[in-house]
Amino acid sequence: MNTIPLQWIIVAGIVVIALLALAAWLFSQKRKQSERLQRRFGPEYGRTVGELGGRTKAESELKAREKRVERLTITPLAPAEAARFSQAWNTLQARFVDNPKGVVVQADQLVRELMLKRGYPMGDFERRAADISVDHPAVVENYRTAQAIAARDERGEADTEELRKAVVHYRVLFDEMLDVREAKQEVPPAKQMAEHA
């Protein structure tokens with residue numbers, strides 16, 4: 001009668017246990033990664049899953065966005081630059097009543113200028129929105145909505161109320177992107193020497 005030696009049974013058991021442990025660990029890592037991406041991207045995670053038709057594709061896309069944005073040099077604005085952008089926004093917003101269509105175009109241009117100044121590349125719209133979603137996931141949908149209204153306006157399909165909403169959506173993104181660099185406290189050289197003495 002052929003019997004399997006006890007040693008082979010033990011080795012097979014160890015291999016099965018090791019494979020189960022490895023599978024559990026891999027599943028745990030995948031779940032942690034999914035949770036991290038869901039936390040980081042918020043509603044953008046669900047939108048991307050829906051758009052790409054599944055979690056695996058969506059998570060690959062979101063990780064690719066993270067890597068792409070990591071290579072960018074995104075910088076906050078100097079206070080003077082932030083003041084200039086704020087003033088430009090206030091000026092264009094004051095013209096809305098007289099020229100709603102023109103203000104929507106100007107709001108889009110000002111947002112693009114601000115993004116460029118911060119270090120975002122100015123590729124096509126979807127690329128810009130994807131880049132923004134990495135660090136500003138809560139407001140990227142505002143950008144998409146504003147762009148959709150602007151596109152309807154170009155076709156003559158948007159009314160004044162929709163144009164007002166587009167400006168509001170651009171403003172939410174604008175405010176989020178208007179990150180100001182903290183001014184460094186410079187200590188006069190004479191005071192530095194007194195402090196170290």
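How do H5 and H7 lie to each other: which word describes them? Let me take that pair in a moment. One caution before that: this is a predicted model.

Some background on the fold. The protein has 9 helices and 0 strands. Read from the N terminus, the order of elements is α-α-α-α-α-α-α-α-α. Of the 197 residues, 32% are buried. Now the contacts with a separation of 6 or more. Residues 24 or more positions apart supply 64% of them. As for the surface, the accessible area is about 12600 Å². Carbon and sulfur atoms hold 59% of that.

Back to the pair. Two packed helices are described by two things: the angle between their axes and the distance between the axes. Helix H5 spans residues 100-118, and helix H7 spans residues 140-154. They pack at an angle of about 140 degrees. Their axes are 11 Å apart. Angles over 145 would count as roughly antiparallel, and 65 to 115 as roughly perpendicular; this one falls in neither range, so H5 and H7 are oblique to each other. That settles the opening question. The handedness comes next: H5 and H7 make a left-handed crossing.

Who touches whom? On the H5 side, we have Lys-101, Val-104, Asp-108, Val-111, Arg-112 and Met-115. On the H7 side, they meet Tyr-143, Gln-147, Ala-150 and Asp-153. By class, that contact has 5 nonpolar, 1 polar and 4 charged residues.

Let me pick out one of those residues. Asp-153 sits in helix H7. Is Asp-153 buried or exposed? The cut-off for buried is under 20% relative accessible area. Asp-153 has 11%, so this residue is buried. What does Asp-153 contact, leaving aside neighbours within four places in sequence? Lys-101, Ala-158 and Leu-163. Lys-101, remember, is in H5 and belongs to the contact with H7.

Last stop, helix H6, residues 125-135. Here 8 of the 11 residues are buried, so H6 is largely enclosed by the rest of the structure. Which residues are they? Phe-125, Arg-128, Ala-129, Ala-130, Asp-131, Ile-132, Ser-133 and Val-134. Note that the list includes Arg-128 and Asp-131.

And what do these buried residues pack against? Start with helix H1 (6-41), helix H2 (43-52) and helix H3 (55-70). Add helix H8 (160-177). H5 and H7 are partners too. So our oblique pair comes back: H5 and H7 pack with each other, and both also pack with the buried residues of H6.

How values were computed:
Residues numbered from 1 in each chain as written. Predicted model: local features only at pLDDT ≥ 70, side-chain atom pairs only at ≥ 80, totals over all residues. Heavy atoms only, no water. Axes fitted to C-alpha atoms, helices over the stretch in contact; angles between N-to-C directions. Helix = DSSP H or I, 4+ residues; strand = E, 2+ residues; numbered from the N terminus. Parallel < 35°, antiparallel > 145°, perpendicular 65-115°, else oblique. Left-handed = near helix turned anticlockwise from the far one by under 90°. Contact = heavy atoms within 4.5 Å. Nonpolar A, V, L, I, M, F, W, Y, C, P; charged D, E, K, R; others polar. Buried < 20%, exposed > 50% of the residue type's maximum accessible area, 1.4 Å probe, protein only. Areas by Shrake-Rupley, 256 points an atom, 1.4 Å probe, with all protein chains shown as cover.
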